[in-house]
Amino acid sequence: MSITKDNVSRRNVLKIAVPTAIGSLLGVPVLSSANQQNKTEPRQKLKIIVFGAHPDDPETGCGGTMALLANEGHEVISAYLTRGEAGIKGVAYDEAAKIRTAEALEACEILNAKPRFLGQIDGNCEVTKEHYKAISDFFEEEKPDIVFNHWPIDRHRDHRACSILVYDAWYNLGQKSVMYYYEVMSGRQSQNFKPTDYVDITPVIDQKHKACYEHKSQEPEKWYQESHGQMEIFRGLEYRTQYAEAFVRHVQSPSSLII
Ligand SMILES: [Zn+2]
């Protein structure tokens, strides 16, 4: 998708699904039919990295899109900044990390994604010179084609830290990948999120939910439906489908919008 004054109207943007936009940007039709449950070999295999501060952030924010891309045969990496050490009340960090790592592995198995853990600590994610370098090194090692990142305006400090670390690496390494931001618990966590792109996740909604509910320690039965479940339906209404996930595409040079 090349952005011009003609195609940047809200209505046009709403009709552009993420895979289509990504395919156009890379000059290849990446996902012509993104609704297969069985893995197939795509014409051009892409590497996608979904960064999240905690186990369950990638899955809840864009698990449907991850499943669609992985089901199409693309390589999807779920990169967790932490192992959720602070995420189980009354449980020591080491033990919680073990439990939540195991849950993330199960969730990734369901989504056909590869888990990676990047060594920060839940509740204490830091934006330091060393951590900028660590994420930058990870980018250089993996060389992603597409990156999904936390939306930076978020009430959770770890989400904000993750977003800014990933943005820094992406920007300083020359913006070689296409970057999208995803939302989590909009209203409670993500704020001021105005999507530019949508993905119809209806064909994989059960796969996504199964992955999200693998995070049993987080008791998703108590909150998933009223937060992410409603978001999937609301974004589906906006996109005129049953369930959708929504994204903001990062355009590094806004001046191109008015060419
Ligand atoms: Zn989180």
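This is a short talk on one protein chain and its zinc ion, given from a model that is predicted.

Let me start with the chain as a whole, before I turn to particular residues. The protein chain has eight helices and seven strands, and of its 259 residues, 53% are buried. If we take the contacts between residues that are at least 6 apart in sequence, 80% of them join residues that are at least 24 apart. The accessible surface of the chain comes to about 12,100 Å², and carbon and sulfur atoms account for 50% of that surface.

Now to the metal. Which residues supply the protein donors of the zinc ion? They are His 54, through ND1, Asp 57, which is listed twice through OD, and His 159, through NE2, and these donors lie 2.1 to 2.5 Å from the ion. Along the chain, the donors follow the spacing H-x2-D-x101-H, so you will want to look at two separate stretches of the sequence when you locate them. Why is the arrangement around the zinc ion called irregular? The four donor atoms subtend angles of 55 to 136 degrees there, whereas a tetrahedral site would need all angles to lie between 85 and 135 degrees. As for cover by the protein, His 54 is buried, with a relative accessible area of 6%, and Asp 57 is buried as well, at 4% relative accessibility.

Between those two donors in the sequence we come to Asp 56, which lies in the loop between strand S1, residues 47-52, and helix H3, residues 57-71. The phi angle of Asp 56 is near 100 degrees, a positive value in a residue other than glycine, and at 10% relative accessibility Asp 56 counts as buried. There is another residue of this kind to look at, namely Asn 192, whose phi is near 55 degrees, again a positive value in a residue other than glycine. Asn 192 is found in the loop between strand S5, residues 178-182, and strand S6, residues 197-200. Is Asn 192 buried or exposed? At 58% relative accessibility, Asn 192 counts as exposed.

While we are at strand S5, Tyr 182 lies in that strand and is buried, with a relative accessible area of 0%. The C-alpha atom of Tyr 182 is separated by 5.0 Å from that of Phe 247, although these two residues are 65 residues apart along the chain.

Let me move on to charged pairs. Side chains of opposite charge can pair when their charged atoms come close. A search of the whole structure finds 13 salt bridges, and I will go through three examples, beginning with Lys 47 and Glu 142, whose side chains meet at 2.7 Å, N to O. Lys 47 lies in strand S1 and Glu 142 in helix H5, residues 129-142, so this pair ties together parts that are 95 residues apart in sequence. Both Lys 47 and Glu 142 are buried, and they also belong to a network of salt bridges that links them with Arg 116 and Glu 141.

The next example is Lys 208 with Glu 232, where the closest N and O atoms of the salt bridge are 2.8 Å apart. Here Lys 208 lies in helix H7, residues 205-212, and Glu 232 in helix H8, so the pair ties together parts that are 24 residues apart in sequence. Lys 208 and Glu 232 are both buried.

The last example stays within one helix: Glu 238 forms a salt bridge with Arg 235, with the closest N and O atoms 2.8 Å apart, and both residues lie in helix H8, three residues apart, which is about one turn of the helix. Glu 238 counts as partly exposed, at 22% relative accessibility, whereas Arg 235 is buried, with a relative accessible area of 7%.

Helix H8 also brings us to the surface. Which residues form a nonpolar patch there? They are Ile 233, Phe 234 and Leu 237, and together they have about 300 Å² of accessible area. Leu 237 has its place in helix H8, which covers residues 225-239, and at 61% relative accessibility Leu 237 counts as exposed.

To close, I would leave you with two places to look at in the model: the zinc ion with its donors from His 54, Asp 57 and His 159, and helix H8, where Glu 238 and Arg 235 lie about one turn apart and where Leu 237 is one of the residues of the nonpolar patch.

Conventions. Residues numbered from 1 in each chain as written. Predicted model: local features only at pLDDT ≥ 70, side-chain atom pairs only at ≥ 80, totals over all residues. Heavy atoms only, no water. Donors = N, O, S within 2.8 Å, 3.2 Å for Na, K, Ca; no water. Tetrahedral: all angles 85-135°; square planar, octahedral: opposite > 155°, others 65-115°. Buried < 20%, exposed > 50% of the residue type's maximum accessible area, 1.4 Å probe, protein only. Patch = residues over 30% accessible without salt bridge, like charges linked within 9 Å, V, L, I, M, F, W, Y side chains within 5 Å. Areas by Shrake-Rupley, 256 points an atom, 1.4 Å probe, with all protein chains shown as cover. Salt bridge = Lys/Arg side-chain N within 4 Å of Asp/Glu carboxyl O. Helix = DSSP H or I, 4+ residues; strand = E, 2+ residues; numbered from the N terminus. Contact = heavy atoms within 4.5 Å.
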